[in-house]
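Student: Pick one part of this structure and take a close look at it. Start from the outside and work inwards.

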Amino acid sequence: MIKPIVLYGNKILRQPCLPYNTVTQTDELVQDLWDTMYNANGVGLAAPQIGVEFRIFVIDLPDEKWKEVFINPRIIEYSGDDVIVDEACLSIPSMSAIVSRKDTIKIEWYDEYWTSHVEEFSGLKARVIQHEYDHLDGILYVDRTNIKYNIQMITSLQKLQRRDLDDMHIKYPVI
Ligand code: ZN
C-alpha cells in the first residue's frame with residue numbers, strides 16, 4: 001500500500017530505529033516500502049520514511065539490475081576512497097547536495113525471507129546503502145554536508161519544516 005512519505009521536520013526521521021524482530025508483518029511492511037518508493041520514483045526507501053521505526057530499508061537500482069530488502073543491517077567495514085556525489089532524499093523534496101562517503105562497504109543483513117547475508121558493495125550500491133542506513137540511525141544526508149555555509153539550503157529546510165511546499169518540485173533522483 002502506498003503510504004505518505006514522512007518529511008523533514010518530523011522527529012521520527014531523527015530517532016534511532018529499533019531492531020526488527022517480528023516475522024509476521026514483514027510481507028506487508030516490505031510491500032508498503034516498495035509501493036511507496038516506486039510511486040515516488042525513488043530508488044531507495046527506509047521504514048522511518050513511512051513512519052515505521054524499525055531497521056528496514058529497500059533499494060532498487062534499475063541501471064544496476066539490482067534490488068534488495070535489508071532487515072537489521074549492520075555495516076561492518078568501510079573502505080576505499082572518499083567519493084563526492086550529489087544526493088537527494090524523498091523526505092527532503094526538491095533539494096540535493098554534495099555528500100562525501102566511502103566508496104566501499106561490507107554489510108551483513110537479513111532479506112525478507114530472513115536469510116542472512118554478508119557482502120561487499122562499491123559505487124552506487126554502496127552510496128545508496130549508506131544513505132538508507134543513515135536513516136535507521138536518525139541521520140539525514142544534509143547532516144553530512146557543509147550546510148552551515150549554504151544559505152539557500154537552510155532557507156529550503158526551514159520552508160519544509162513549516163510545510164510550505166508550494167513552489168517545490170523534485171528535480172533529482174531521490175533515495
Ligand atoms: Zn533519504
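**From a loop to helix H1 and the core**

Tutor: Tyr 113 is exposed, because just 9 other C-beta atoms lie within 10 Å. (Exposed means 12 or fewer other C-beta atoms within 10 Å of the residue's own, buried means 20 or more, and partly exposed lies in between; C-beta atoms are placed from the backbone.) This is a predicted model: local features need pLDDT of at least 70, side-chain atom pairs count only at pLDDT 80 or more, and totals for chains, interfaces and linings use all residues. Residues are numbered from 1 along each chain as its sequence is written.

Tyr 113 sits in the loop between strand S4 (92-110) and strand S5 (116-122). (Helices, H or I with at least four residues, and strands, E with at least two, are DSSP runs numbered from the N terminus.) Its C-alpha atom is 9.1 Å from that of Asp 27, although the two are 86 residues apart along the chain.

Asp 27 leads to helix H1, residues 26-39. H1 has 14 residues and spans 20 Å from first to last C-alpha, close to the 20 Å expected (1.5 Å times one less than its number of residues). Leu 29, Asp 32, Leu 33, Thr 36 and Met 37 are its buried residues. Seen down the axis, they fall within an arc of 120 degrees, so they line one face of H1. (The arc is that of the directions from the helix axis to the C-beta atoms.) An α-helix has 3.6 residues a turn, so residues three or four places apart point the same way. Asp 27, Glu 28 and Asn 39 are exposed on the other side of H1. Just after H1, Asn 41 has a positive phi of about 55 degrees.

The buried residues of H1 pack against strand S1 (44-46) and strand S2 (56-61). Take Ile 56. Beyond its neighbours within four places in sequence, Ile 56 contacts Tyr 20, Leu 29, Ala 47, Phe 70 and Ile 71. (A contact is two C-beta atoms, placed from the backbone, within 7 Å.)

Now the largest nonpolar core: it has 36 residues. (Such a core is a set of buried Ala, Val, Leu, Ile, Met, Phe, Trp, Tyr and Cys residues joined through C-beta atoms within 7 Å.) Leu 33 and Ile 56 are among the members that touch the most others. H1, S1, S2, strand S3 (66-89), S4 and helix H2 (123-136) each give two or more residues. S4 supplies the largest share, six residues.
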